[in-house]
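Okay, everyone, thanks for coming. I'll put the structure up, and then I'll talk through a handful of spots in it.

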Amino acid sequence: MENAILGLDRQKVSSLNRGLNELLANFQIYYQNLRGLHWNIKGQSFFELHTKFEELYTDAQEKIDLIAERILTLHGTPLHTFEDYLSESSVTVGKNISNDRESVELVASSLERLIELERNLLTESAEADDEGTNAMMSDFISEQEKTVWMLKAWLA
């Protein structure tokens with residue numbers, strides 16, 4: 001298969017890389033939101049949420065690296081400028097949020113959007129026989145679904 005990357009159809013890989021870059025951009029906005037929430041949270045839930053946001057941004061940072069490395073593995077170039085992240089993302093940018101409820105709502109809605117993008121990539125990677133991307137998306141989704149459930153339980 002001359003027109004292949006790692007045994008995968010080159011056109012399908014190109015499309016996957018576009019989707020992975022979109023996911024990367026959204027994860028970068030999500031990550032930066034978590035940093036801001038971690039720094040700015042106030043109120044009676046401060047200790048609980050300050051710690052939780054640090055846990056989530058550390059996890060997001062690891063996922064960002066995995067996504068960028070997957071793009072490189074598939075012979076693509078990961079987005080790497082804030083200009084690109086802002087233009088390619090659909091996750092809401094949180095600015096100056098210090099309220100506990102508002103911050104948890106932002107995190108939950110951001111994760112729901114990330115899961116939506118990951119599901120699209122799950123389907124697309126299955127159709128391309130790209131087990132590496134497929135397994136990564138499956139792992140991300142199962143973990144994030146549980147986090148969304150917990151955040152929504154906190155909001156109830």
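So, asparagine 96 is exposed, because its relative accessible area is 66%, and the cut-off for exposed is over 50%. This asparagine sits in the loop between helix H3, residues 82-88, and H4. What about its backbone? Asparagine 96 isn't a glycine, yet its phi is positive, about 55°. Keep in mind that this is a predicted model.

Now move along to the loop between H4 and H5, where you'll find aspartate 129. Here again we have a residue other than glycine with a positive phi, near 60°. Buried or exposed, this aspartate 129? It counts as exposed, at 65% relative accessibility. And there's another positive phi to point out: histidine 75, which follows H2, has a phi near 65°.

Right, let me zoom out to the whole thing. The protein has five helices and two strands. Reading from the N terminus, the order is β-β-α-α-α-α-α. The radius of gyration is 17 Å, and the globule rule gives 15 Å for 156 residues; those are close, so the protein is as compact as a globular protein of that length. If you'd rather think in box dimensions, the C-alpha trace spans about 60 × 30 × 20 Å along its principal axes.

A few totals for those of you who like totals. Of the 156 residues, 45% count as buried. The exposed surface comes to about 8600 Å², with carbon and sulfur atoms supplying 50% of that. And for contacts with a separation of 6 or more, 76% come from residues 24 or more positions apart.

What does the database say? UniProt, in an unreviewed entry, lists residues 19-155 as "domain: Ferritin/DPS". Over residues 19-155 the model is 80% helix and 0% strand, and the C-alpha atoms at the two ends of that stretch are 31 Å apart.

Next up, helix H2, residues 46-73. Does the geometry of this helix agree or disagree with what 1.5 Å a residue would give? With 28 residues, H2 should span 40 Å, and the C-alpha atoms at its ends are 40 Å apart, so it agrees. The buried residues of H2 include Leu49, Phe53, Leu56, Tyr57 and Ala60. Further along the list you also get Lys63 and Arg70, among others. And which helices do the buried residues of H2 pack against? Those are H1 (10-40), H4 (100-127) and H5 (131-155).

Okay, aromatics. A search of the whole structure turns up five aromatic pairs. One of the pairs is phenylalanine 27 with phenylalanine 140, edge-to-face, 6.0 Å centre to centre, with 65° between the planes. That pair ties together distant parts of the chain: phenylalanine 27 is in helix H1, phenylalanine 140 is in helix H5, and they're 113 residues apart. Both phenylalanine 27 and phenylalanine 140 are buried. Another edge-to-face pair is phenylalanine 46 with phenylalanine 47, at 5.2 Å centre to centre and 80° between the planes. On accessibility, phenylalanine 46 counts as partly exposed, at 26%, whereas phenylalanine 47 is exposed, with a relative accessible area of 70%. Oh, and there's a cluster too: ring pairs link Phe27, Tyr30 and Phe140.

Last topic, two serines. Serine 125 is in helix H4, and it counts as buried because its relative accessibility is 0%. So what does serine 125 touch, leaving out residues up to four places away in sequence? The list is Leu16, Asp130, Thr133 and Asn134.

Then there's serine 138, over in helix H5. At 37% relative accessibility, serine 138 counts as partly exposed, since that value falls between the 20% cut-off for buried and the 50% cut-off for exposed. If you want a distance to try in your viewer, take serine 138 and glutamate 83: they're 55 residues apart in sequence, and C-alpha to C-alpha they're 29 Å apart in space.

That's my list. Happy to rotate things around if anyone wants another look.

Key
Residues numbered from 1 in each chain as written. Predicted model: local features only at pLDDT ≥ 70, side-chain atom pairs only at ≥ 80, totals over all residues. Heavy atoms only, no water. Helix = DSSP H or I, 4+ residues; strand = E, 2+ residues; numbered from the N terminus. Expected span 1.5 Å × (residues − 1). Buried < 20%, exposed > 50% of the residue type's maximum accessible area, 1.4 Å probe, protein only. Contact = heavy atoms within 4.5 Å. UniProt positions renumbered as here; feature names shortened; annotations may be inferred. Rg over C-alpha atoms; globule rule 2.2 N^0.38 Å. Areas by Shrake-Rupley, 256 points an atom, 1.4 Å probe, with all protein chains shown as cover. Phe/Tyr/Trp six-rings, centres within 6.5 Å; stacked < 30°, edge-to-face > 60°.
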